[in-house]
Amino acid sequence: MNPSHDSLPRHCEERSGEAIQGLAAVHLDCFPRIRSGVAMTPVHGPGAVSGQHRWLAMRIGWSLVLLSLLLLLGACASIPRSSLYQQLGGAEGVASLVDAIIEKSRTDPRIGGLFAETDFDYFRERLIEQICELADGPCEYTGLPMSDAHSGMDISEREFNWFVEDVEQAMQQIGLPLAVQNRLLARLVPMQAEVIRQ
Ligand code: HEM
């Protein structure tokens, strides 16, 4: 027998034969676990559930919760992550991004001077190819290797960081989600060694 039943007040036992007349007839002290919020079922009297049944119900409940979590995890794992190129908005998205990057960096008083002699039509096409390829898009970069492209400019680490700031602002301006911005930065930043001090 369940030892907790022994401590129930006597009127709980008596209620088995008694018709409940609205809420006033309900004795809260017949529901020992009501305060902990664990169960609303009386352990004695009408509607009582035996300890064994409650234990079984709890086990089934927890098994269902666990099963749902496993199914959810399985579903998440099988969703293919879209490529960075797709997340950037494909060819159109990459072109808009490059236009914004060029606009930001050429007008940036900290580094704009470095682009004084630049052929922007050529630069734009190469940067589009490069970012497209870097983002796993269907392109091939046909420009100079990074160290050759920046040779003789002696770009400092500071200048590199300013350029990255311009890229960040450009991504922000065209409304790329933060996660996508970070994904692209993670691929651009490692190129620092080939760009600075050349
Ligand atoms: C991850 C960073 C960078 C990338 C991906 C990048 C990409 C490129 C590409 C694709 C080109 C054209 C290559 C070619 O001539 O075939 C280029 C050239 C150039 N980049 Fe960068 N660059 C980066 C960082 C920088 C920085 C930090 C600066 C200056 C602060 C800079 C300034 C220039 C300039 C001035 C040119 C030469 C344009 C010309 O030929 O007149 N770049 N860059």
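These are my notebook entries on a predicted model of a protein chain with a ligand.

**Entry 1: the whole chain**

I began with the overall make-up. The protein chain has nine helices and zero strands. Reading along the sequence, I wrote down the pattern α-α-α-α-α-α-α-α-α. Next I looked up burial, and 13% of the 198 residues of the protein chain count as buried. I also looked at contacts between residues at least 6 apart in sequence, and 64% of these join residues at least 24 apart.

**Entry 2: α4 against α5**

Two packed helices are described by the angle between their axes and the distance between the axes. I took that as my guide here. Helix α4 covers residues 90-106 and helix α5 covers residues 120-134. Their axes are 9 Å apart, and the helices pack at an angle of about 130 degrees. That angle makes α4 oblique to α5, because it falls outside the 65 to 115 range for roughly perpendicular and is not over 145, the mark for roughly antiparallel. I noted the crossing of α4 and α5 as right-handed.

Which residues meet here? From α4 I listed Val-94, Ala-95, Leu-97, Val-98, Ile-101 and Ile-102. Across from them in α5 are Phe-120, Phe-123, Arg-124, Leu-127, Ile-128, Ile-131 and Cys-132. Sorted by class, this contact of α4 with α5 has twelve nonpolar, no polar and one charged residues.

**Entry 3: α4 against α7**

Helix α4 has a second partner in my notes, α7. The axes of α4 and α7 come within 8 Å and cross at roughly 135 degrees. So α4 is oblique to α7 as well. This crossing, too, I put down as right-handed.

On the α4 side I found Leu-97, Ala-100, Ile-101, Lys-104 and Ser-105. They meet Phe-163, Asp-166, Val-167, Gln-169, Ala-170, Met-171 and Gln-173 in α7. The residues of this contact divide into seven nonpolar, three polar and two charged. Flipping back a page, I saw that Leu-97 and Ile-101 take part in the α5 contact and in the α7 contact.

**Entry 4: around the ligand**

Which residues come nearest to the ligand? Of the 21 residues around it, I noted Thr-118, Gly-143, Leu-144, Ala-149 and Phe-163. Phe-163 was already in my list for the contact of α4 with α7. By class, the shell around the ligand has 14 nonpolar, four polar and three charged residues. Helices α5 and α7 (157-173) each supply at least two residues of this shell. The largest share, four residues, comes from α5.

**Entry 5: two loop residues**

I looked up Leu-114 in the loop between α4 and α5. Is Leu-114 buried or partly exposed? It is partly exposed, because 17 other C-beta atoms lie within 10 Å, while 20 or more would make a residue buried. Leu-114 and Met-153 are 39 residues apart in sequence, yet their C-alpha atoms are 7.8 Å apart in space.

His-150 sits in the loop between α6 (146-149) and α7. With 19 other C-beta atoms within 10 Å, His-150 is partly exposed. Leaving out residues up to four places away in sequence, I found that His-150 touches Ile-155, Val-195 and Gln-198. The C-alpha atoms of His-150 and Arg-197 are separated by 8.6 Å, with their positions 47 residues apart along the chain.

**Entry 6: positive phi**

Most residues other than glycine have a negative phi. I looked for residues that depart from this and wrote down two.

Asp-136 is not a glycine, but has a positive phi of about 65 degrees. I found Asp-136 in the loop between α5 and α6. Asp-136 is exposed, because 12 other C-beta atoms lie within 10 Å and 12 or fewer counts as exposed.

Arg-197, seen above with His-150, also has a positive phi, about 50 degrees, although it is not a glycine. Where is Arg-197 found? It is in the segment after α9 (192-195). Arg-197 counts as partly exposed, since it has 13 C-beta neighbours inside 10 Å.

Technical notes:
Residues numbered from 1 in each chain as written. Predicted model: local features only at pLDDT ≥ 70, side-chain atom pairs only at ≥ 80, totals over all residues. Axes fitted to C-alpha atoms, helices over the stretch in contact; angles between N-to-C directions. Parallel < 35°, antiparallel > 145°, perpendicular 65-115°, else oblique. Left-handed = near helix turned anticlockwise from the far one by under 90°. Contact = placed C-beta atoms within 7 Å. Nonpolar A, V, L, I, M, F, W, Y, C, P; charged D, E, K, R; others polar. Near = placed C-beta within 6 Å.
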